[in-house]
Amino acid sequence: MSGGWRALSSRWAVVPLRLVVGYGFLAHGLAKWSRGPANFGRLLHQIGVPLPTATAWVVTLLEVFGGRAILVGAFVALASVPLIASMLVAMFTVQVRYGFSSVNTIGLTSSGPVFGPPGYEINLLYIASLVAIAVLGPGPASVAHWLARRRSLGREPHR
C-alpha cells in the first residue's frame, strides 16, 4: 500500500465508526423521546437513581443531541465526554451485574432463543469508539472538516 493511499484511508477510517456511534446514540435517544422520558424515569426510579425524571430528561437530550453531534461530526471531543460518562454510569449501575456479554441467552423456545439483560460489552465498545473519535477527530465528510476548509479558504490572499 502506498503512503498516499494509506494516509487517505486512515483519514477516512474514523468516518464509518463516527456514523455508527452517532446513529446508535441518536436512535436510543429518539426511542426514549418517543416513549416519553418520564417512562425512562420510572425505570431509573426502580434501580434507585436519584432524581429519576430529571436524569431521564438529561440522558434523553444528551443521547439525541450528543448522538447528532457525533453523527454529523461537529464538536465530537466535547460531545464525547458526557456520552462516555453516561455509558460508565449505565455500565456500573445496571449492566455490570449481568457480566460481559451483550447477548445473554437464558433459554430456548420453539420460536427461538430467549435473551436476558445485556452485559457491559456494548458500553465498552461505545466508550472505546468515542475515545477514538475524540482523539482522531471526526475525519472528512464532517461539519468540522467543512468548517475548517471554509476558514482556510477565507484566509488565502485574494488575487
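1. The structure, which is a predicted model, holds 3 aromatic pairs. Two of these pairs are described in the points that follow, together with a salt bridge and a helix packing.

2. The pair of F25 and Y126 is tilted, with 4.7 Å from centre to centre and 55° between the planes. F25 belongs to helix α2, whereas Y126 belongs to helix α6 (residues 121–136), so this pair ties together parts that are 101 residues apart in sequence. F25 and Y126 are both buried.

3. W33 and W57 form a pair of another geometry. The centres of their rings are 5.5 Å apart and the planes stand at 90°; because planes over 60 degrees apart count as edge-to-face, the pair of W33 and W57 is assigned to that class. Distant parts of the chain are linked here: W33 lies in helix α2 and W57 in helix α4, 24 residues apart.

4. The accessibility of these two tryptophans deserves a separate remark. W33 has a relative accessibility of 45% and therefore counts as partly exposed. W57, with a relative accessibility of 37%, is likewise partly exposed. The limits that apply are under 20% for buried and over 50% for exposed, so a value in between is called partly exposed.

5. How many salt bridges does the count give? The count comes to 1 salt bridge. Its partners are K32 and E63, whose closest N and O atoms are 2.8 Å apart. K32 is part of helix α2 and E63 is part of helix α4 (residues 52–72), so the salt bridge ties together parts that are 31 residues apart in sequence. Are K32 and E63 buried or exposed? Both residues are buried.

6. The packing of helix α2 (residues 14–35) with helix α3 (residues 37–46) is the next subject. The two helices pack at an angle of about 100°, and their axes are 5 Å apart. Angles of 65 to 115 degrees count as roughly perpendicular, and α2 and α3 are therefore described as roughly perpendicular to each other. On the α2 side the contact is made by K32, W33 and R35, and on the α3 side by P37, N39 and F40. By class, the residues of this contact divide into 3 nonpolar, 1 polar and 2 charged.

7. Two residues of α2 recur in this note. K32 takes part in the contact with α3 and also forms the salt bridge with E63. W33 takes part in the contact with α3 and also pairs with W57.

Key: Residues are numbered from 1 along each chain as its sequence is written. This is a predicted model: local features need pLDDT of at least 70, side-chain atom pairs count only at pLDDT 80 or more; totals for chains, interfaces and linings use all residues. Side-chain values use heavy atoms; hydrogens and water are left out. Axes are lines fitted to C-alpha atoms, for helices over the stretch in contact, and angles run from 0 to 180 degrees between N-to-C directions. Helices (H or I, at least four residues) and strands (E, at least two) are DSSP runs, numbered from the N terminus. Angles under 35 degrees count as roughly parallel, over 145 as roughly antiparallel, 65 to 115 as roughly perpendicular and the rest as oblique. Contact means heavy atoms within 4.5 Å. Ala, Val, Leu, Ile, Met, Phe, Trp, Tyr, Cys and Pro count as nonpolar, Asp, Glu, Lys and Arg as charged, and the others, Gly among them, as polar. A salt bridge is a side-chain nitrogen of Lys or Arg within 4 Å of a carboxyl oxygen of Asp or Glu. Buried means under 20% relative accessible area, exposed over 50%, partly exposed in between (1.4 Å probe, protein chains only). Rings of Phe, Tyr and Trp (its six-membered ring) pair if their centres lie within 6.5 Å; planes under 30 degrees apart count as stacked, over 60 as edge-to-face and the rest as tilted.
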